[in-house]
Amino acid sequence: MRVSTAPYGGLIITLTFVVGFLLSMLPGPDWAERFRPDWVGLVLIYWCIAAPNRVGVVSGWVAGLILDVLYGSLLGQHALAMAIIAYIAHRWHLQIRMFPPWQQAACVLMLLVLDQLLVLWVKGVIGQASTFWPNWTASIVGMIIWPLVFVILRDVRRRADIN
Amino acid sequence: MSTLLGRRFSSLTRLIFVIVLSVVLMVLDHQAQHLLRIRAVLSVLIYPIQVVAAVPVRASAWVAELFGSERTLRQNNERLQAERLAHLARLQKLEALEAENKRLRDLLGSAARVADRAVVAELVEVSLEPFTRKIVVAKGSRDAVYLGQPVIDAYGIIGQVTEVSTYASKATLITDPGHAIPVLVNRNGLRTIIFGTGAPDRVNVPYLTATTDIREGDLLVSSGMGGRFPPGYPVAQVTKVVKDPNEAFLKISAKPMARLNYGKEVLLIWPGERQTASASPR
């Protein structure tokens with residue numbers, strides 16, 4: 001089942017995640033904060049669809065845990081949300097691969113919104129929620145740049161021969 | 001990374017496993033601070049990411065400094081000289097006032113308030129998660145930073161340290177929705193509490209009834225209740241008082257005195273410790 005043609009595949013996937021973390025940490029002006037897409041979520045969804053043999057629930061969980069430490073949020077909060085969207089993307093990766101681009105983007109939007117809702121839900125339970133509504137703008141920006149992320153990561157995957 | 005749990009388990013089994021693990025982590029992290037050690041270790045591991053993320057800001061500041069024209073430098077120099085003179089003059093007055101204050105306190109028989117020890121800390125990272133207000137400063141347990149330590153700037157209280165690792169620590173700002181600070185109205189000594197809202201320049205003062213004597217423009221200073229923040233530091237200024245007859249309490253917003261969104265240095269203070277020569281920043 002497992003085709004490990006790329007010797008450094010794992011390393012390259014990890015590097016793309018590191019770039020995702022950097023992009024979500026880069027300081028920007030206050031007004032731009034609402035438009036910052038969930039880079040790590042996008043990278044995770046891509047790899048779950050494109051390399052389901054390598055990236056799945058556990059990778060998603062670890063990425064979420066690192067986000068928790070970076071954000072200083074409750075440990076396990078983003079980890080839980082990321083693991084669940086990784087599971088969904090991983091479970092239906094064959095279908096999502098076949099979708100036409102717009103349908104794929106809509107699917108990504110749903111996953112990103114689900115991720116935010118899960119994080120908000122945990123925050124609500126521990127009484128830290130400042131707003132009931134998820135940050136729609138960020139998810140929509142995530143959906144808009146999805147084709148770009150897809151093309152870039154597909155190039156990375158083809159160069160590194162990861163499948 | 002997915003080989004961590006081996007190929008023997010299905011994706012669903014792994015999902016259930018990590019969900020249970022997340023819930024256990026969250027409960028432990030929320031109930032008691034059991035996971036501080038784990039968090040500290042993880043923080044050291046991700047410190048490089050934070051440093052790299054801060055590089056563009058530092059680089060742009062460096063470039064701006066490099067290409068700053070001689071004229072701006074000269075202007076800055078003149079301005080700073082003038083400010084320094086003004087501050088020196090005020091400092092002299094302050095010293096006289098401090099001495100007078102001490103004499104009066106001695107007369108009253110109360111213990112004199114000592115100057116607090118302070119160390120300048122550089123901001124490494126701001127603007128993390130949306131709707132929370134936190135900053136990371138480049139001082140950690142190596143520099144004797146402790147949990148709950150007050151963080152201030154030149155204008156007032158910024159927040160408190162909520163996470164300490166070896167080289168850096170994270171502080172929660174007074175505007176964070178999870179933050180509250182006990183204060184006094186400077187004009188009449190009314191005790192109340194300020195809550196963060198998540199907005200960058202607004203805090204709330206809830207639970208004051210319609211007959212309370214509070215007005216727009218009132219300065220709120222820390223009261224020292226609860227023992228976490230030293231008393232007497234400015235916190236916020238009341239900007240709006242709304243009396244709604246349908247509501248039991250007044251709707252009061254205030255603007256933090258500290259310039260939370262400006263500058264790249266903050267002060268960490270050790271209340272009650274006197275400033276010594278060796279305590280200057282390294």
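This is a short dialogue on reading the features of a predicted two-chain model.

Q: What should I keep in mind about numbering and confidence in this predicted model?
A: Residues are numbered from 1 along each chain as its sequence is written, while chains are lettered from A and ligands numbered from 1 in the order in which they are written. The model is predicted, and local features need pLDDT of at least 70, side-chain atom pairs count only at pLDDT 80 or more, and totals for chains, interfaces and linings use all residues.

Q: Which helices and strands does chain A have, and which does chain B have?
A: Elements here are DSSP runs numbered from the N terminus: helices are H or I with at least four residues, and strands are E with at least two. Chain A comes to 7 helices and 0 strands, and its elements run α-α-α-α-α-α-α from the N terminus on. Chain B has 3 helices and 12 strands.

Q: How many residues of each chain count as buried, as a percentage?
A: A residue is buried if 20 or more other C-beta atoms lie within 10 Å of its own, exposed if 12 or fewer, and partly exposed in between, with C-beta atoms placed from the backbone. By that rule, 48% of the 163 residues of chain A count as buried, and 27% of the 282 residues of chain B do.

Q: What share of the contacts joins residues at least 24 apart in chain A?
A: Two residues are in contact if their C-beta atoms, placed from the backbone, lie within 7 Å. Among contacts in chain A between residues at least 6 apart in sequence, 69% join residues at least 24 apart. For chain B, residues 24 or more positions apart account for 57% of the contacts with a separation of 6 or more.

Q: How do I read the contact between the chains, and what does chain A bring to it?
A: The size of an interface is often given as the accessible area lost when the parts come together. Here you can read it in residues: 40 come from chain A and 41 from chain B. On the side of chain A that touches chain B, the elements giving two or more residues are α1 (9-25), α3 (57-71) and α4 (77-91). Of these, α3(A) gives the most, with 9 residues. By class, that side has 23 nonpolar, 12 polar and 5 charged residues; Ala, Val, Leu, Ile, Met, Phe, Trp, Tyr, Cys and Pro count as nonpolar, Asp, Glu, Lys and Arg as charged, and the others, Gly among them, as polar.

Q: What can I learn from a single helix, say α7 of chain A?
A: Start with the general pattern: an α-helix has 3.6 residues a turn, so residues three or four places apart point the same way. In α7(A), the buried residues are A:A138, A:S139, A:G142, A:M143, A:W146, A:L153 and A:R157. These buried residues pack against α1, α2 (39-50) and α6 (101-125) of chain A.

Q: Where does α7(A) bend, and how does its span compare with the expected one?
A: The bend at a residue is the angle between axes fitted to the seven residues ending there and the seven starting there. A kink of about 45° lies at A:I145, shortly before the proline A:P147. The expected span is 1.5 Å times one less than the number of residues. For the 25 residues of α7(A), 136-160, that should be 36 Å, and the end C-alpha atoms are 34 Å apart, which agrees. After the helix comes A:D161, with a positive phi near 60°.

Q: How are the strands of chain B arranged?
A: Two strands pair if DSSP finds at least two bridges between them. One closed barrel of 6 strands runs β1-β2-β5-β4-β3-β12 with antiparallel pairing. Within that barrel, β3(B) (150-152) and β4(B) (157-164) pair in the antiparallel sense over 3 bridges, and B:I152 stands opposite B:I157. Another 6 strands close into a barrel in the order β6-β7-β8-β11-β10-β9, again with antiparallel pairing. There, 3 bridges join β9(B) (219-222) to β10(B) (234-242), and the bridge partner of B:L219 is B:Q237.

Q: Is B:L268 buried or exposed, and what is it in contact with?
A: B:L268 lies in β12(B), residues 265-270, and is buried because 24 other C-beta atoms lie within 10 Å. Beyond neighbours within four places in sequence, its contacts include B:A118, B:V119 and B:V151. B:L268 and B:V119 are 149 residues apart in sequence and 5.3 Å apart in space, C-alpha to C-alpha.
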